[in-house]
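Got a chain to poke at before setting anything up? Let's walk through it with some quick questions and answers.

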Amino acid sequence: MTSERFLALVAAYGADARRWPEAERAGARAFAAARPEAVADALAEADAADALLHASRVAHPSTILRDRVLASAADAGLIRARHQGRRWLDRLALALGAGWAAATCAGIVAGVMMTTWLTADAQAEAVLYQAFLPAEHDAEVLG
């Protein structure tokens, strides 16, 4: 690690060694430990710049700027422009999809409930059949 490379790392990635490239992190730390007086000014300056960056507010783009950027990207063919007239069609498709999902759930619930109701007679017949079997056929009931 040379002093020029160390200063370039500090200038590019800041004073926090966790942001430095992993391949050069160990060498840079060893260089800083061997020459603390030579790197102290660079680290202090980078630390001050890091503190300013962390304290600054991030400005969010306005709606007008966002719309202009999206329109220019659509004009350049980078994204597909959404048609405002098709918004109702998108909402209709969402409503129809929700309707199909509700109908499916209702069908499953009805099927489960009808199965219990329709098999009640068969279960009652099986119980009556087993109740009236003669004693010599107990093996058939008990297995």
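What follows is a set of questions and answers on a predicted model.

Q: How many helices and how many strands does the protein chain have?
A: Read along the sequence, the pattern is α-α-α-α-α-α-α. Every element in that pattern is a helix, and the count for the protein chain is 7 helices and 0 strands.

Q: What share of the 143 residues in the protein chain is buried?
A: Buried here takes a relative accessible area under 20%. Of the 143 residues in the protein chain, the share that counts as buried is 10%.

Q: What part of the exposed area of the protein chain do carbon and sulfur atoms supply?
A: Start from the total: the protein chain exposes about 11,800 Å². Of that area, the part from carbon and sulfur atoms is 64%.

Q: Among contacts between residues at least 6 apart in sequence, what percentage join residues at least 24 apart?
A: A contact takes heavy atoms within 4.5 Å. Among the contacts in the protein chain between residues at least 6 apart, those that join residues at least 24 apart come to 42%.

Q: How many aromatic pairs does the structure hold, and which residues form the aromatic cluster?
A: The structure holds 2 aromatic pairs. F6 and W20 form an edge-to-face pair, with 5.7 Å centre to centre and 85° between the planes. F6 lies in helix α1 (residues 3-13) and W20 in the loop between α1 and α2 (22-34), so this pair ties together parts 14 residues apart in sequence. F6 also forms a tilted pair with F31, at 5.3 Å and 40°, and the one cluster consists of F6, W20 and F31.

Q: How far apart in sequence are F6 and F31?
A: F6 sits in helix α1 and F31 in helix α2, so to speak on distant parts of the chain. Their separation is 25 residues.

Q: Are F6, W20 and F31 buried or exposed?
A: The cut-off for buried is a relative accessible area under 20%. F6 has 0%, W20 has 5% and F31 has 7%. On those values, F6, W20 and F31 are buried.

Q: Which helices do the buried residues of α1 pack against?
A: The buried residues of α1 are F6, L9 and V10. Seen down the axis of α1, they fall within an arc of 95°, so they line one face of the helix. On the other side of α1, E4, A11 and A12 are exposed. The partners that the buried residues pack against are α2 and α3 (36-55).

Q: Which residue follows α1 with a positive phi?
A: Look just past the end of α1 for a phi near 90°. The residue there is G14.

Q: Which residue forms a salt bridge with E24?
A: The closest N and O atoms of this salt bridge are 2.5 Å apart. E24 is in helix α2 and its partner in helix α1, 19 residues apart, so to speak a link between distant parts of the chain. E24 is partly exposed at 22% relative accessibility, and the partner, partly exposed at 35%, is R5.

Q: Which residue meets R18 in a salt bridge?
A: R18 is exposed, with a relative accessible area of 63%. Its partner, at 2.8 Å from N to O, counts as partly exposed at 24% relative accessibility. That partner is D16.

Q: Is D50, the salt-bridge partner of R19, buried or exposed?
A: The closest N and O atoms of R19 and D50 are 2.7 Å apart. R19 lies in the loop between α1 and α2 and D50 in helix α3, so the pair ties together parts that are 31 residues apart in sequence. R19 is partly exposed at 35% relative accessibility. D50, at 11%, counts as buried.

Q: How many salt bridges are there in total?
A: The rule asks for a side-chain nitrogen of Lys or Arg within 4 Å of a carboxyl oxygen of Asp or Glu. By that rule, the count is 4.

Q: What is the area of the nonpolar surface patch that includes L96?
A: L96 has its place in helix α5 (residues 87-118). The patch is made by W88, L89, L92, L96 and W100, and its area is about 600 Å².

Methods
Residues are numbered from 1 along each chain as its sequence is written. This is a predicted model: local features need pLDDT of at least 70, side-chain atom pairs count only at pLDDT 80 or more; totals for chains, interfaces and linings use all residues. Side-chain values use heavy atoms; hydrogens and water are left out. Patches are made of residues with over 30% relative accessible area and no salt bridge: like charges are joined within 9 Å, nonpolar side chains (Val, Leu, Ile, Met, Phe, Trp, Tyr) within 5 Å. Accessible areas come from the Shrake-Rupley method with a 1.4 Å probe; for residues, only the protein chains shown count as cover. Helices (H or I, at least four residues) and strands (E, at least two) are DSSP runs, numbered from the N terminus. Buried means under 20% relative accessible area, exposed over 50%, partly exposed in between (1.4 Å probe, protein chains only). Rings of Phe, Tyr and Trp (its six-membered ring) pair if their centres lie within 6.5 Å; planes under 30 degrees apart count as stacked, over 60 as edge-to-face and the rest as tilted. The arc is that of the directions from the helix axis to the C-beta atoms.
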